[in-house]
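Biologist: Please take a close look at one part for me: the interface between the two chains. I want the counts, the cut-offs and the residues by name.

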Amino acid sequence: MDLLLNIAVDGIAYGMILFMIAVGLSVTMGLMRVVNLAHGGFALIGGALAHWLGAELGLGFWLAAPLAIAGTVLIALPLERVLYRRIYGFGELQQVLATIGLTFLMIASVNYLLGSTLLPIELPPALRQTVDLGFRQLTAHRAAVIVVGLVVIAGLWGLLDRTRFGIRLRAAVDNRDTASAIGINTSSIYMLTFALGAGLAALGGILGAELLPIDAYYPLRYMVLFLIVVAIGGMGSILGSFVAALAIGVIETASRYLVPDLATIVFFGFVILFLAVRPRGLMGSA
Amino acid sequence: MLRRYGSQYAPAVLMIAVAVAAFFAFPFNLAFLTRILIMIVLVLSLDLVLGYAGIATLGQAAMYGAGAYAAGLFAIHVWADPVAGLLIGALAGAALAALAGLALMRTHGLTLIMLTIAVAQICSEIANRARDITGGADGLRGIRMQPVLGIWEFDFIGRTGYWYAFAVAAVVMVLLAVLVRSPFGLSLRGIHQSPERMLAIGAPVYWRRHAAYTLGGGIAGIAGALTAQITQLVSLETFSFALSAEAMIMLILGGTGRLYGAVIGTVIFMWVHHTAAANDPFNWLFVIGAMVLAVVFFLPTGLISLPPALKRLAKGGRHAGS
């Protein structure tokens, strides 16, 4: 019983991290139809900035984390303008190639500036203490990750379901051309959505640094993991990404606990079987 | 008539001439030249899968690695004959591609790309765990090959290795040239351009794509077997994502859907790699990243489209560059 609860708690925390990082990828793929392999790079940039602000400049976590997220958004905006905007209309292959190229440049830049070693992010004391849940000790950090994940999904739901921006975004996802024909400024929606996705990835990268350690090769190492969330959730579906991320978090954690030697193989086996049966994912439309 | 044949065979003659010239011009770089030849075989396999059949894959290294491990293990435990090893490598690559293809060919786009990467990662993980058989992270060592066809011993300088790799690359090239002109090859192009129409005229799209993926896997397996036999070492790196990505970059750099494009792209990429990478893999990432973006934005159809574009430009026609 304890084992099951442990798997549930760790798996859900892990899933929340995956959700935060991957949801932006899912929405931009559903919206712009761009195969973006560089998305993990924004989580890396967020984590690396948080490390640099904390370790080199001595800022506290509560200041460094928001600044790092803002910094990531500031980097993502011009990238969307200059680079991504040009590849929206390209073929799949060109998009893959361009975003791989961008990923390589991100890795090389982080390495050039901060080196190839691990980039730890120091957590504040408030997040390091433990919370007693009765059946197990839980670090406040894990609890915070779960709470932040819930806030993010609630916030995204509110944003998409209750605001004018959300209505326009959903219209653009459903049919880009019609949306722009009836006067929705899809170009600014693209940019805002892209920036939002990059910011969430940075948040996930910073909060998840304990589970997915930050170093220069981060975007390549976890690329498949993030892509799996999007593929299983279904492109463009926020709820799909959420369910998929939690399921993946729990299944991967369970296979680590139960069959540690074969964890990767079991996990990928599940993923391939699932996608062979449902190639469009849980809630995919396109 | 003669002119037509002349222009048809000119690239082949030129390639053989370049290979012979390279052998005498760089006698101390034969290991590097051999690696180019092996990569050409791998990129040719990718050209069949991606360039002709239009299957977007970032996991061709899975079949390359399977071929390398199969050929290495076969040489150590069963028979160290190189040509038999090549067949085993091809079988291993084709078998893996056929098995994975059953699931992969049902998917498209991003899901397909992600799953091809995932298959390579699974293979890497299996090779890493099966330490007793594969040597794990230390790599598979102790491969000692018999002479090629019982005549040519593998030597330290790598002369035999070079000509052996060249012969295999040439055979693969000829086979592919025949294959892509066959009705099967034409149906692959048709599927690439419009799967719906090919389905409508009765082509079994799923199984054609599956067959192309399996054949490509077999050729990638041959490339893997070559590297195992010539370098006498197989490491987990043979399954790496970087290898798959680089093979794809080489192909697109040269131009997809044309066999000569695969050769040109590989040679140029490997040469840039050789000169720019030196000892620092991260500086290399800067170069490769910039190179990839330049190709995507300025040469979307690859280097092979450069000469005709320049020719049009030089003629000064009104439609120059279009």
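Modeller: Here is the interface, followed by the nonpolar core.

This is a predicted model, in which local features need pLDDT of at least 70, side-chain atom pairs count only at pLDDT 80 or more, and totals for chains, interfaces and linings use all residues. Residues are numbered from 1 along each chain as its sequence is written, chains are lettered from A and ligands numbered from 1 in the order written, and side-chain values use heavy atoms, without hydrogens or water.

Contact means heavy atoms within 4.5 Å. On that basis, 37 residues of chain B touch 44 residues of chain A. The buried area is about 3,700 Å² (accessible area, 1.4 Å probe, lost on putting the two parts together, summed over both). Carbon and sulfur atoms give 83% of that area.

The rule finds one salt bridge across the interface (a side-chain nitrogen of Lys or Arg within 4 Å of a carboxyl oxygen of Asp or Glu). B:R129 and A:D261 form a salt bridge through their side chains, at 3.9 Å, N to O.

On the side of chain B that touches chain A, two or more residues each come from α5 (109-129), α11 (241-254) and α13 (281-298) of chain B. These helices are DSSP runs (H or I, at least four residues). α5(B) gives the most, 14 residues.

Now the core: buried nonpolar residues (under 20% relative accessible area, 1.4 Å probe, protein chains only) joined through side-chain atoms within 4.5 Å. The largest has 208 residues; A:F42, A:L212 and B:L58 touch the most other members. Helix α2 (residues 30-52) of chain B gives the largest share, 17 residues.

Key:
Buried means under 20% relative accessible area, exposed over 50%, partly exposed in between (1.4 Å probe, protein chains only).
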